[in-house]
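Please follow the account below with the sequence and the coordinates side by side, beginning at one helix and ending at the surface of the sheet.

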Amino acid sequence: MIKTAIGQDSHRFDSKGSKKPLILAGVEFKGGDPLEANSDGDVVLHAVTRAVSGITTIDVLGPKTKAFLAEGITDSRVYLQEGLKDLRGKVVHLSISIECSRPKIAPLIPEMRRSLSSLLGTAEKNIGITATSGEGLTEAGKGNGIFVFAVLTVDCE
């Protein structure tokens, strides 16, 4: 059986002067402004984790994340790995759509695909990443944060 789920997440850029790095899809964007979050703020991995939860029906970014944060675990890769424990199947395809006016996403898309491929156990050719500035119509397009949709397709056992 093939299942498909959508995950979404968004974060504002940190206006409090945080020194943490900007991380998207497990990749550090050097010089990028960090995102407001209790975790590392990896909005891409949060959207993917929500898509995984859409397939497994087990909410990871709710109570499980609170437990991780209580232990000082802020790495969003850990949250995704927790969700993947309940995924009974193989990732067939992942499509990521990122809206932001900054940073420039295109230069790091190959590295983001490699990171996601490793985390999901699927070939890089099964991961599509697109980015748009949003033409300044939304908060992300105006430069206030990053908005991400993830569509995940899994061949379930």
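In this predicted model, helix α3, which spans residues 76–84, has as its buried residues Ser76, Tyr79, Leu80, Glu82, Gly83 and Leu84. Buried here is a matter of relative accessible area, the cut-off being under 20%. The cover over the buried residues of α3 includes three other helices, namely α1, α2 (60–70) and α4. As a general point, an α-helix has 3.6 residues a turn, so residues three or four places apart point the same way.

Two of the helices that help to cover α3, α1 and α4, also lead to the sheet. Helix α1, made of residues 43–56, lies across β1, β4 and β6, and its direction is at about 145° to that of β1. Helix α4, made of residues 109–120, lies across β4 and β5, running at about 140° to β5.

The sheet itself is open and consists of 4 strands in the order β1-β6-β4-β5, with mixed pairing. Because β1 and β5 (127–132) stand at the edges and each has a single partner strand, one side of each is left without a neighbour in the sheet. From one strand to the next, the twist averages 15°.

Which strands are joined by the bridges of β6, and in what direction do they run? Strand β4, residues 89–99, is joined to strand β6, residues 145–156, by 10 bridges, and these two strands run antiparallel; in this part of the sheet Ile98 stands opposite Val148 in β6. Strand β1 is joined to β6 by 11 bridges, again in an antiparallel arrangement, and here Gln8 stands opposite Phe149 in β6. In general, the strands of a sheet pair through backbone hydrogen bonds, either parallel or antiparallel.

Phe149 also takes the reader to the surface, where Ile6, Phe149 and Val151 make a nonpolar patch of about 260 Å². Of these residues, Ile6 is found in strand β1, which covers residues 2–12, and that strand is one of those standing at the edges of the sheet. Ile6 counts as exposed because its relative accessibility is 58%, the cut-off for exposed being over 50%.

Notes: Residues are numbered from 1 along each chain as its sequence is written. This is a predicted model: local features need pLDDT of at least 70, side-chain atom pairs count only at pLDDT 80 or more; totals for chains, interfaces and linings use all residues. Side-chain values use heavy atoms; hydrogens and water are left out. Patches are made of residues with over 30% relative accessible area and no salt bridge: like charges are joined within 9 Å, nonpolar side chains (Val, Leu, Ile, Met, Phe, Trp, Tyr) within 5 Å. Accessible areas come from the Shrake-Rupley method with a 1.4 Å probe; for residues, only the protein chains shown count as cover. A salt bridge is a side-chain nitrogen of Lys or Arg within 4 Å of a carboxyl oxygen of Asp or Glu. Buried means under 20% relative accessible area, exposed over 50%, partly exposed in between (1.4 Å probe, protein chains only). Two strands pair if DSSP finds at least two bridges between them. Axes are lines fitted to C-alpha atoms, for helices over the stretch in contact, and angles run from 0 to 180 degrees between N-to-C directions. Contact means heavy atoms within 4.5 Å.
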